[in-house]
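This note is written for a colleague who is meeting the structure for the first time. Please read it with the sequence and the model open side by side.

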Amino acid sequence: MTTLSAQPRFLRSITLDRANKFTTTDFYSDINLYSKLYSKRSADAVELSVYSVPDLKRIPFEKAVKQTFKPTSTGTNYGPSWSTHWFKLRITVPKDWAGEHVELLWDSSSEAMIWSTDGIPRQGLTGDRGNDRRVEYTLLKKAKGGEVIDLWVEMACNGMFGTGKNGLINPPEDNRYFNLSQVELAVPNHDAWQLFYDMQVVTGMANELPNETARGQEALYVCNQVIDAYDRDDLASLKKCLQITHGFLSKKAAPDAHRVTAVGNCHIDTAWLWPYAETRRKTARSWSTQLRLMEDYPEYVFVCSQAQQLEWLAHDYPKLFQEIKEASKKGQFQVIGSTWVEMDCNLPSGEALCRQFLYGQRYYEKNFGARCKIFWLPDTFGYSAQLPQIVKQAGAQYFFTQKLSWNNINKFPNTTFTWVGLDGTKILTHMAPCETYTAQADVGDMVRSIRNNRDLAFSNQSLLPYGNGDGGGGPQRAMLERLRRMKDIDGLPRCDMGSAESFFESVEEKAKGLQEWKGELYFELHRGTYTSQAATKRYNRKLEFLLRDVEIATTLCMSLGRDHAYPKADLDLLWKDLLLNQFHDVLPGSSIELANIDARAIYRDIETKGKRLLEDSLRCLYQSKPSEDGDGNGESYVAFNSLGWDRSEIIEIPVQSGDNLQQYSAGKNTGYVRVDNGAFEYRDIADSKSETSRVQAIAHGQEFILDNDFIIAKFNQQGHLVSLYDKHETRELIPAGQAGNQFKIYEDVPLYWEAWDVEMYHLNCGKSAGPGKARIGEVGPLRATIIVEYTLTDLSTASQTIVLTAASPRLEFHMEADWHESRKLLKVEFTWDIISDVATYDSQFGVIQRPTTYNTSQDYAKFEVCGHKFADLSEHGYGVALLNDCKFGYSCHGNVMRLSLLRSPKAPDLHCDMGHHEFAFAVYPHKGTFHESNVVRESYQFNVPLAVHSIAKSSLREHKPISYFGIEGAKNVILDTIKRAEDSDHIVIRLHEAFGGRAQFKLKSPLNIQSVVRCNILEDESDPVEFNKDERSSGWIVLHAFEILTLKLKVK
């Protein structure tokens, strides 16, 4: 008689649940495989004492070990948030543990770091129960028994992601305490751990592979087999279980299987849910940990980006830095990224992006012997269309990211592709199809590397950036063990631990027919980062221009032989600090309040030092000292134009005895004059001609009117712009019944990421701000103003000074606001009598055109976009630009232009944007389309006022105004940067074509220029440029659309 099998058919859902519970800590952890991971434990082997550092200070090892330590024990709570506690450990290994592998298990529910007695960080630790948990430290690989070992542990009272209330991105808790729950020695059970890692792969395949595949079914069967074979009372059963898993895992992948290159990384946000000071410790915790893993896994390759963090580490932990340099020479610890920090790519200027690469590449070359070939930027909120050109000119060849996988409207269509920049520069780009930069190196990541890969027809390779990140940590031992098992296994891609550079080189060699993507990589999420933290963005804009002006003035002093040393060391420090604050969670405004306080302190320092450098350099340029004449008779006022074209401005100066000015301010202590300055020229304001044009402010009925030779602007009693009339073109710009300068307040409640996001639906929930009350301020003839006082809400007020001068059609709106809202968004809105399907936005070294329609999902995804100094709406023959001096968020739909002014999110900074603000915007009407207009120059002039200083009159007796640089023949060429070369006293200038067309020009300069040569952003020289020393002029130079050109000038 035949006996039926006693085994019922296994069911997928039940088997998966059973397999998960076999290895978890949450169920049956007293009897399942987890319970067998350690064969011996001893808490008594560790003697503990502690020193708690007062006042939330972070002190160095050398100071900590000299303090008085008190006995302590597990179960004690330590805090408050951000405090530091140093522990001294005296460890006595049990004598009967001879021959055993011994580990220290430490869980303080927080981050911590183990130090050797000679002051070298050995490894980071992360407590609690998250994916980033790392509590084990290898003490001895083979104990003798009876050893006495001293160690130090630095405990930081924050988790991997800070101290947020009840969740990741909430504001930090100020008084959070962390429990020291575990300190003990343990001996790992090798067989149990091997089975544990095997089962992670087998269970992962059972869960991730389709149930209808043979391999997926086989994985389910093996799960059942292993658990059936496991006997909790017989450790020998583990070997039988391992035989089963090895049989399954030994089956090889197909020869033509997809290939994955796994690259370890730990993406440490330079600041985010923690301040800069904590990041400095995170680098040591994370990177020392990776060095320990490299000792056990010689095939392991780890990549590290952000030169700033490496510079911090070299300063704070010099011995650890030397260990990293040694690992770098072996090829296991690879520096990558090319830039100073992983910066935001929407908000910094084009020159700031260049400096990110300049300082980053020079650091890597100096300290690690080579420049980076990869621009590594996995986590930022959109990518400027000029990046391909900048990256290539900075010596890099490839670009890696993945952030567009977060798009919340349209899925980005490419994985491995050629990104084409504004000027046509092409760069090989890969977006990890695992769709994260913190992959866990598990089966799911392998499956997603195929399933989400949109370019398998063109390239059969993917990059897998794995390791815990954002808060650091990096890869764990379990990840490396899983990768070893998934190297070559049937049912999954082939996977090798390797370098990102070798991956790109292989793709470049083997890929065929890659698709091209032209223009910006717009991120369809985190659009609120164009506006959050208004003070940060204002500082950034102002200080970018301040450092620019300092460099121009000091370079001219150097070239003219003035007795003034070029302050390169000072400028390097200021630039590095500015670049630091352009990190992709600081400048965008998505960090906690502590980080924002740090950033503002850095900005104030840059501002103070930068202004002092500018003052000193300009006085050197003028060859003057401040007059000591008490009555002011010995003073003159000088205006310096740091822009590359002639300009006429109405400026305000202090009144001196004997002055006869055309217009005085209300207080009579200042007055207004017209100044005409050449390009890069300074001149005595006394030489200015009287202004023959006039402007006036008048009240007429219920309207207030500003009127000059160019325009007539009419405002109602509330300050709304009800008419804007161009006198030269005889054209009204405001449609009947519409208005401009209207403030709207929108409900601003995103789905999750408060500081990061404004969602499309906010446009449905707007209403007019509270009423304004207008009155006339100044009446002319050089400057006329209307002042409007607003009660925006019951909590917030604003004051606006509307300015029109006699010299320009530019209508300016200068604002002060006291803002105290909750989850509200303030915008200013203008409606124009113009029809255009696109608006043109200022960007880095060029412009971007975006739709004003909502025809497609790609169109309406851009309901809020980034613009720098202006947005322009033009039709055939005419247009209007909306300029700004520190804002970035625009929304143009149809004939309505909106500029986002202030937000009020409550996480992660509870007080984001609360308080007093100053900012300005302006309307600039113009004849012709944008490409025929003067908008680019006008936007620079609005952001870069003439620098006015008082100097002794004697300094100007022999002075004749000289334009030190000029561009002849092409108004579409902008000379943006003048600086000293990095490694010589040559001059480096950077120019770009600004409108998107060909330019042919000559560079003019009265300086004693001996030769001119083209170079890249890193200042490597290439082709010479013809320069006629007698005519003080170059030959004709051709620039193509949006091309960036850097020239190096040798001046005698």
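The points below take up selected sheets, helices and side-chain pairs in turn.

1. Status of the model. The structure under discussion is a predicted model. Every remark that follows should be read with its predicted nature in mind.

2. The six-stranded sheet. One open sheet consists of 6 strands, arranged in the order β3-β2-β5-β10-β7-β8 and paired in the antiparallel sense. Its edges are taken by β3 (70-71) and β8 (121-126); each has a single partner strand, so one side of each is left without a neighbour in the sheet. At the β3 edge, 2 bridges connect this strand to β2 (residues 46-52), and the two run antiparallel. Within that pairing, Val-50 has Lys-70 of β3 as its bridge partner.

3. A helix on the six-stranded sheet. Helix α6 (residues 276-296) packs on this sheet and touches β5 (84-92), β7, β8 and β10 (148-156). The direction of α6 makes about 105° with that of β8.

4. Aromatic pairs. Across the whole structure, a search finds 52 aromatic pairs. One of them joins Trp-115 and Tyr-317: the ring centres are 5.8 Å apart and the planes stand at 40°, so the pair is tilted. Trp-115 belongs to strand β7 (residues 111-115), while Tyr-317 lies in the loop between α7 (307-316) and α8 (318-329), so the pair ties together parts that are 202 residues apart in sequence. Both Trp-115 and Tyr-317 are buried. The two also belong to a cluster linked by ring pairs, whose members are Tyr-51, Phe-61, Phe-69, Trp-86, Trp-115, Trp-152 and Tyr-317.

5. Lysines over rings. Two lysine placements deserve a look in the viewer. Lys-21 lies over the face of Phe-27, at 4.4 Å from the ring centre. Lys-869 is placed over the face of Tyr-940, with 4.4 Å to the centre of that ring.

6. Strand β19 and its partners. Of the 6 residues of β19, 5 are buried, so the strand is largely enclosed by the rest of the structure. With β17, strand β19 pairs in the parallel sense over 4 bridges, and Phe-399 stands opposite Thr-429 of β19. With β18, by contrast, the pairing of β19 is antiparallel and extends over 5 bridges; here Thr-416 stands opposite His-430 of β19. Strands β18 and β19 form a hairpin with 5 residues between them, and Gly-424 in the turn has a positive phi of about 100°.

7. Helix α13. What lines one face of this helix? In α13 (residues 500-510), the residues Ala-500, Phe-503, Phe-504, Ser-506 and Val-507 are buried. Viewed down the axis of α13, these buried residues fall within an arc of 160°, so they line one face of the helix. They pack against β13 (259-264), β16 (374-376), β17 (398-401), β18 (416-420), β19 (426-431) and β20 (461-466). The strands described in the preceding point, β17, β18 and β19, are thus among the contacts of α13.

8. The three-stranded sheet. A further open sheet has 3 strands in the order β27-β23-β48, with antiparallel pairing. Strands β27 (681-684) and β48 (947-952) stand at the edges, each with a single partner strand, so one side of each has no neighbour in the sheet. Neighbouring strands of this sheet are turned by 30° against each other on average, direction ignored. Strand β23 (residues 635-641) is joined to β48 by 6 bridges, and the two run antiparallel; Phe-640 has Ala-947 of β48 as its bridge partner. Helix α16 (residues 593-622) packs on the sheet, where it touches β23, β27 and β48, and its direction makes about 55° with that of β48.

9. Strand β33. Is this strand mostly covered or mostly uncovered? Strand β33 (residues 742-747) is mostly covered, with 5 of its 6 residues buried. To β39 (residues 824-831) it is joined by 6 bridges, and the two strands run antiparallel; Glu-747 has Lys-824 of β39 as its bridge partner. With β34 (residues 766-768), strand β33 pairs in the antiparallel sense over 3 bridges, and the bridge partner of Lys-744 in β34 is Ser-768.

How values were computed: Residues numbered from 1 in each chain as written. Predicted model: local features only at pLDDT ≥ 70, side-chain atom pairs only at ≥ 80, totals over all residues. Heavy atoms only, no water. Buried < 20%, exposed > 50% of the residue type's maximum accessible area, 1.4 Å probe, protein only. Arc of directions from axis to C-beta. Contact = heavy atoms within 4.5 Å. Pairing = 2+ DSSP bridges. Axes fitted to C-alpha atoms, helices over the stretch in contact; angles between N-to-C directions. Phe/Tyr/Trp six-rings, centres within 6.5 Å; stacked < 30°, edge-to-face > 60°. Lys NZ or Arg CZ within 6 Å of the ring centre and 35° of its normal.
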